[in-house]
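Hi everyone, thanks for coming along. I'd like to walk you through a model on the screen, so let's bring it up.

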Amino acid sequence: MNRLAIPKTYKLYIGGKFPRSESGRVYEVLSHTGDFLANAAKGSRKDARDAVVAARSALGGWAGATAYNRGQVLYRIAELLEGRRNQFIDEIESSEGVNAAVASAQVDEAIDRWVWYAGWADKYVQVAGNANPVSGPFFNLSVPEPTGVVAIIAPQGTESLLGLVSAIAPALVAGNTVVVVANEHAPLSAISLGEVLATSDVPGGVVNIVTGSPAEIAPWLATHADVNALDLVGAGNLDWVELQISAADTLKRVLPPEAGADAATPALNRILAFTELKTVWHTKAIL
Amino acid sequence: MKFLDYAPAPESQALLNLKSDYGLFINGAFTAGRGTPFHTINPATEQQIAMIATANETDVDAAVSAARHAYDGVWSRLSGSDRGKYLFRIARLVQERARELAVAETLDNGKPIKETRDVDIPLVAAWFFYYAGWADKLDHAGVGPNPASLGVAAQVIPWNFPLMMLAWKIAPALAAGNTVVLKPAETTSLTALLFAEILQQADLPAGVVNIITGDGSTGATLVNHPGVNKVAFTGSTSVGRAIARSIAGTDKKLSLELGGKGANIVFDDAPIDQAVEGIVRGIFFNQGHVCCAGSRLLVQESIHDDVIDRLKRRMQTLRLGDPLDKNTDIGAINSAEQLARIRELSDLGEQEGAERWSADCEIPANGFWFAPTIFTNVSTSHRIARDEIFGPVLSVLTFRTPAEAVAKANNTPYGLSAGIWSDKGSRILAVADKLRAGVVWANTFNQFDPSSPFGGYKESGYGREGGRHGLAAYLKPAVRSGSRSIIAADHRTPSVTKKSASAGKKSVSAEKAAK
């Protein structure tokens, strides 16, 4: 006798909690064959703004954590993802229409990507910072620091989990907090990743995941004065030039859309794109 | 003249050999501009110095074409060591003609000769000397092995440090292998045109550097030119925004160095006399026409009265007057327009309830002048605590705890500079960590060096000038064939979708609307 399964309610992930959209809206998530999989929350402007508030509140703690600590927390995500591989493989199989081997390879790569970025947390400052030999009695040091709140439009193509991880992990390394708009048509692994984040040691608000229509939500993030940077990696099908123009009003740092299998390829530059270089001059006594 | 007064000691203008008319410097030669020429004046006397050409769209096009031609034909094929040799030559020629450049700069800008002689022009030479040595060492610039230059760089610079800003822009661009079209500020084109003569003496290949003059519309035409690969702008935040809007969707690489409202934080354990010197250097250096000026003094409440007394006493000794005089501390405001803005914001400061005090100094009859001024009883909501005044006007606020000092210092959309005065090293390090500013000076202020990166957080812009990071702003990683291997992909840049034609039109009109 078959046991009747218990389907999951997929909600948003904001400030470490799993609220429904304040708008009360949902949209149907379908499998590649058109079968009903779930009702996902259709995030609104208000949800996006709540997510920014949560991200801003979490910034001090996350940016202020030691680099060793941030590295361990990011590594912990890989550990928990590893333990829930099968759940992600199932979701990817059903929503992306790939076989178990392909889905499994995607999950493996997503896990490895967390590990790779985790290792950067206590190294990128050494690689990108600099001691500067100025002409005078000064100790002069340049150090990269997190930019602040980063809004991300996650890749919208296939490989929904890997695309999401590839976009949010580099922003987290330096201590930024993130508001990410998930893959619209395949949002299930994004919300399940939220559950992984909630049960790993990532403080609430460090990653905020909004599902729904990127076309509807992105303009509110691009114009939001409390968002410091905008990663348009998955915005290729939106009017992304208009988003970039909106972002110019608050001089946000903007990364352009990327397409194809190489989108959001792991790179030190993705970490550094969301950092600011601070140079401090200290006087030396004349002995 | 009274006993112990200084006798006038003006620097001679005899070493200047200025022309009455200057054309545009395009493809290695001076050519007439097609726009309406204008006079550049001495802001200390309002006398005309020379006639400057205006580049119209055709001229901008010619300059960009010359730069492209030089890039394709000469500069991008030259070895790094040969590019470096040209930059070393330029550095030496600037040193040789340093006094002439200092006098010309003071004449055209109004800043004191002691600053152009001891700060601006030496830094110009240092900047070229520093980046000259980078030209054949680009593998170490931090963008991966064998990095590529970008192409033609469009550079638009402000009037506050005319030749120094030119050096900050041109030296790294050329070292990295780019060619340049540079537009100096309308009121301060003179030294850029003398610099063009230096380029001729250096025998720099034609078209590698092109200098076009004119007002903001010439600059807008330049940055929006489709033949440009890199835009570097230093100036106001409003124009910076307009540029960011106008090039949205293109693959032009952008550096913006914009406004600031720097906090100069003085703790109760600071060496007060040194701090007072630092406050003066922070806000009265270059008449306060400094984007990274320490225009907000945050002084710990317990020492407020003492600091203000000593600051006023020190300000009484500042000598305002003939910028060519070797004893002058405060020169002329660069333009009537800027003077009007300083007056407007200062009047607003009084209206909003802050207490105004100005040093007692004689204002010359002609020219544009503003006495060194401080406002006390300023609150964080006052316009003079929020807007960049860009003049010799200091707003004084107080704080009780380090946390309050940090909160007030960061309470601005800008994030360019900050200063910390304290004898306690651990406090300096902790406060420096929390300040959201690109440059922090501890027990000093307004120090610049070609090896030290400079640039802002937040609405003070993005990108860095100076140091290794300033070089990287003119480079891109080597183009390599794709592979998904994590290790090989380390330095890859994202592939960028090109902007559509309609989007381009939209952004250009946005730029015009903002002017």
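Before we look at the sheet, one bit of vocabulary: two strands pair if DSSP finds at least two bridges between them. Please keep in mind that this is a predicted model.

With that in hand, start in chain A. There you'll find an open sheet of five strands, in the order β7-β6-β5-β8-β9, with parallel pairing. β7(A), residues 207-210, and β9(A) are the edge strands, each pairing on one side only. On average, neighbouring strands in this sheet are turned by 15° against each other, direction ignored.

Let's zoom in on one pair. β5(A), residues 149-153, and β6(A), residues 177-181, pair in the parallel sense over five bridges, and Ile152(A) stands opposite Val180(A) there. Helix α8(A), residues 214-223, lies across β5, β6, β7 and β8 of chain A, running at about 150° to β6(A).

Those two residues come back in the largest nonpolar core, which has 264 residues: Ile152(A) and Val180(A) are among those with the most contacts inside it, as are Leu87(B) and Phe128(B). Helix α4(B), residues 113-134, gives the most to this core, with 12 residues.

So where do the chains meet? The contact takes 40 residues from chain A and 46 residues from chain B. On chain A's side, the largest share, eight residues, comes from β10(A). That side divides into 20 nonpolar, 14 polar and six charged residues. β10(A) also pairs with β18(B), residues 439-442, in the parallel sense over four bridges, and Thr279(A) stands opposite Val439(B).

Technical notes: Residues are numbered from 1 along each chain as its sequence is written. Chains are lettered from A and ligands numbered from 1 in the order in which they are written. This is a predicted model: local features need pLDDT of at least 70, side-chain atom pairs count only at pLDDT 80 or more; totals for chains, interfaces and linings use all residues. Two residues are in contact if their C-beta atoms, placed from the backbone, lie within 7 Å. Helices (H or I, at least four residues) and strands (E, at least two) are DSSP runs, numbered from the N terminus. Ala, Val, Leu, Ile, Met, Phe, Trp, Tyr, Cys and Pro count as nonpolar, Asp, Glu, Lys and Arg as charged, and the others, Gly among them, as polar. A nonpolar core is a set of buried Ala, Val, Leu, Ile, Met, Phe, Trp, Tyr and Cys residues joined through C-beta atoms within 7 Å. A residue is buried if 20 or more other C-beta atoms lie within 10 Å of its own, exposed if 12 or fewer, and partly exposed in between; C-beta atoms are placed from the backbone. Axes are lines fitted to C-alpha atoms, for helices over the stretch in contact, and angles run from 0 to 180 degrees between N-to-C directions.
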